[in-house]
Amino acid sequence: MNFEDYERSGLAAYASLAETVAAILAAAIEREGGYRLQQVTKRAKSPASLNKKLQDRQLEGTTAVETSIKDLAGCRLVFYTNSDVSRFINSGIIDRNFEILEAKLHHPRRDAEANNLYISNHYLVALRPERVALPEYASFASMRCEVQVQTILNHAWAEMAHDTIYKTPEFGSFGAQQFDSIKKRLHKVARKYLLPAGYEFQQIANDFKRLLEGKALFDGDPLEVIVQASDNNARADALETFSESVLPLYDDLQSVYPHVVERLIAAAEISRVTQPVAIDTPYGEIPAKTYADIVSKIAKVLTRYRYVDIEVTFEALRTLYGWAADEAERKPLIEVATSLAKHDLAVWRKHGPAAQAVLVDSVAQLGDDERRGSAKLLTSVPREILGAEVTGSSNTSETVTFHRGAVVASDALGDIRTKAIGLLKHQFALSEEEDERREVLLALQAATRPAIGAGYSNALARLVMDDTCSIICFEAEVAPRLSLSLRQATETRVHRNYRMYADLPEGMREDESLVAGQAKVKAAAFAFRDVVNSNPDFVAFKTLVGFDCVFPPAWEDETFRRAEADAYRAREVTALLALVNVRSADEWFDRLSRYARIESNDLATFPVFGKFLTKLAEEQPAIVLGYVDKLNGGPLEAFLPAMLSGFFASGEREKVLAMVEEWLKEGRYVEEITWFLRSADPFDESLLQRAAQSALRHGNARAVRNALLACADQYDEYPGMLIESVFLPALRYLSEAHDFSWIRMPWVSWLSKPIIEALEESQAEVVLEALLQYPDLEYDSEYIAASIAKRWPGRVIDFLGHRQAFKLTGRAPADYDALPFSVYELQAPLALVPDLMLAAARRWFNADSLHFRFDGGKLLASVFPDLASGLSDRLAQLIADGTKDDLAFALAILSGFEGREIIYDHVRNIVAALDVDSPLLKEARYVLQESGVVAGEFGFAELHARRKVWLEPWLRDERETVKAFAASKILELEQQIAAEVRAAEGSIALRRLNYGEELDEAEERTPNA
């Protein structure tokens, strides 16, 4: 069809097509419902407009107008808001009703000229074959129509731009400046008014929709929906909906808050006895919501609205805490109590410490039984009240600012603090458990800590000093009733308080009341010191047990630090050793047994205690041998390795060795013996062999593990025959038992262990076989594999393949990761054998090409970062000489490099080697689309822009496949850039509106993408 043909008959035909497309879209939109569609316009391109476009493109004589010009028929859908446009685009209406020949998103870049500020989604469509097959649509076969989708504001701008700058007249030397001014004003209208207005309209529509939805829920009595829910799954959903869509919309929340809380408590009570119902999903069942989930959601509501009625909130917390059965149910409630009691800046600015006053009075009204039942909750409240800092935060759409300062001292605050301290003292008196007492004493320490930073006045310092003195006096009073470990921790804190006031800051030295307060604190601290250290048992305890201990010189000498404390302690240990004799042996056995019962979750509690036992066994073996006879599973049994160290250095070595041999025959203390042998010096290899045999014979897995660790620890100095006689037998036993505890233990590292690096090939295979079923190759498991790879890289590479195969067997645990996402210690030895790695990778790819890119490909990218160590050259050779399968393999490897610039030359050569219809071209696009971590709202837009730059040289390539691929990919990137910029701008704008910020400067926040 030429131009004249279009004028005679094409115009009417394309007008009819536009009418048809518009009618189909309007009907589909109405059928789906819920859209705010302003209008649907349609038109056939006018002959004048067509003629100008043909001239501009130098196509005046074309006889293929219908293929040269896309928009002979046009249809525009105009919606009211951006969200309507987004919903329509994602609805699939166009795809379901038409063949989409081309899709393009128009969105301006920040640096766009006025005539490039057009915003719209364009689709070039044709009627589907099944529709064209109908007689009434047959005439539209092979005809195309452009569908434009935009908002009413963008439509208005587009119409104005179309009639002005789009159809730019030839001004010559007349009016050019005025026309530039018009373009600038049109640019300003788009950027300053229309774009912000579009987001404002969207926010208004969103808010109104939320209001209507909230009103509908409100009318349906949402609180009863929560209470009467059929199960906790439905109850959790109803709670979420109520808290997000109903509760924020109450006009007078204070009047209804007690009722709201009462119904939430009722819902919680019912949820306690509601049977769990697993949640069915298309991917299988997920765990049912429980009472703990309901409590957590109620806690979020209470936190958010805690100050609406403090007493109601506090009573709700007490009720829920009384029902709590475990830590998962208690934790969110304690967090609410903490947030309720802390000094919040926004509340302080309006009401001072009013919230804290209400809380201390509420707690004071409780009876002793009520306080016992909520001990931890009630301890957390005064702890926060006693803090000297007030905190808060302020937000904008782009920043969060945290504020921190000191509370303002006043008589009211002093009274509140005194009451809070009294509450804690009373709670201590009610406490019967060690943990509860510890919590109370720790809470009291909050009153002794000054605020950090500016605003710490002398008046507040006086309050803190007085309270510190009161608390130290209380601690001195209760100290004799404290356990030894709690007494030790309390002395450490009191010493810290003393040191804090040993020397006043310069600004406080002139204040007589502060100087007097300082003297009182010192006197109270010395009184506490004298009370606790008058007990010889406590003095012995802190000498032997613990890490952070206070010794007498530390009170007077400010320079008494760790080194001095260690030397002092060593002298005291020597003095204690001298006190142990035949007459006092039983007394010391009882004492040491008590000390050994102290619970410890670290390795810093008992080192000195262990050394004491070692030295005692060395110097007085007869006494300690008597202790051994009385172990009987008692607390000292755990310290038998320390005793053995002393025995073997004593004159009773042979006697003890004979005793150990008897134990090994009977299977007694094998675990302790093997643990001792980890550090024994001198080391007895044959004893370890016998101990390991005993452990294996008696099925003592922990002892077997300790024997294996002893081999690893002693091998560097005593290589001997440990690998074959102990290490490998122990490893086989543990592997058969699926016991992997030897791999990852506290204070045990397998990094560069000599015993692993010394393994022969067959021995290394045993270790790798043991690692096969271990869930991951991270940290120590990778260290072991890396040490083997230094000598036997091929074996480790095969092992990596075996792990992938094992994962596919169905016998691997659910958390099994065949290969690490990134390697560290393995990287260096594997990078030295690129040919082995590439050959293995090909085997992995051939076995499971679908998953290769996610494991084997990622592994290669980690071993050969930046295609280093010759991998780039090997890939280039593979691509140059390869078959289609070789090219697929190369693409799978390159996919692990996250679309970085280093892979572009290789992908370019692969594309050049492919036919235009090869499915691998799609794979090449995917490889270039991969990405790693992308930061920032415009991160993807900026990434796509960089990739477009990397692709532009391909357009000059002599190979047509490369040029065509690049042109298509660049067009795709341009669309992705526009989509990402639109999404980011929308996200920023809506967030700013949520914070009440203006949008007229929004364009300055958009990067050049």
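## The start of helix 34

In this predicted model, a side-chain oxygen of asparagine 700 comes to within 3.3 Å of the backbone nitrogen of arginine 702, a contact placed at the start of helix 34. The helix itself takes in residues 701-714, and for its 14 residues a rise of 1.5 Å a residue gives an expected span of 20 Å, which agrees with the 20 Å that separates its end C-alpha atoms.

## How helix 34 is enclosed

Eleven of the 14 residues of helix 34 are buried, so the helix is largely enclosed by the rest of the structure. The buried residues run from Ala703, Val704, Arg705, Asn706 and Ala707 through Leu708, Leu709, Ala710, Cys711 and Ala712, and they also include Gln714. Their cover includes helix 32 (670-677) and helix 33 (685-697), together with helix 35 (722-736) and helix 36 (754-757).

## Helix 46 and its neighbours

In helix 46, which covers residues 904-913, the buried residues are Tyr904, His906, Val907, Arg908, Ile910 and Val911. These buried residues pack against helix 44 (871-881) and helix 45 (884-894), and also against helix 47 (920-929), helix 48 (939-951) and helix 49 (960-994).

## A nonpolar patch on the surface

Phe208, Leu211 and Leu212 together form a nonpolar surface patch, with a combined accessible area of about 300 Å². Leucine 211, one of these residues, belongs to helix 8, which spans residues 176-219. Its relative accessible area is 42%, and leucine 211 is therefore classed as partly exposed, a term for values that lie between the 20% limit for buried and the 50% limit for exposed residues.

Terms used: Residues numbered from 1 in each chain as written. Predicted model: local features only at pLDDT ≥ 70, side-chain atom pairs only at ≥ 80, totals over all residues. Heavy atoms only, no water. Patch = residues over 30% accessible without salt bridge, like charges linked within 9 Å, V, L, I, M, F, W, Y side chains within 5 Å. Areas by Shrake-Rupley, 256 points an atom, 1.4 Å probe, with all protein chains shown as cover. Salt bridge = Lys/Arg side-chain N within 4 Å of Asp/Glu carboxyl O. Helix = DSSP H or I, 4+ residues; strand = E, 2+ residues; numbered from the N terminus. Buried < 20%, exposed > 50% of the residue type's maximum accessible area, 1.4 Å probe, protein only. Expected span 1.5 Å × (residues − 1). Contact = heavy atoms within 4.5 Å. Polar contact = N/O pair within 3.5 Å; in protein donor to acceptor, adjacent residues only side chain to side chain.
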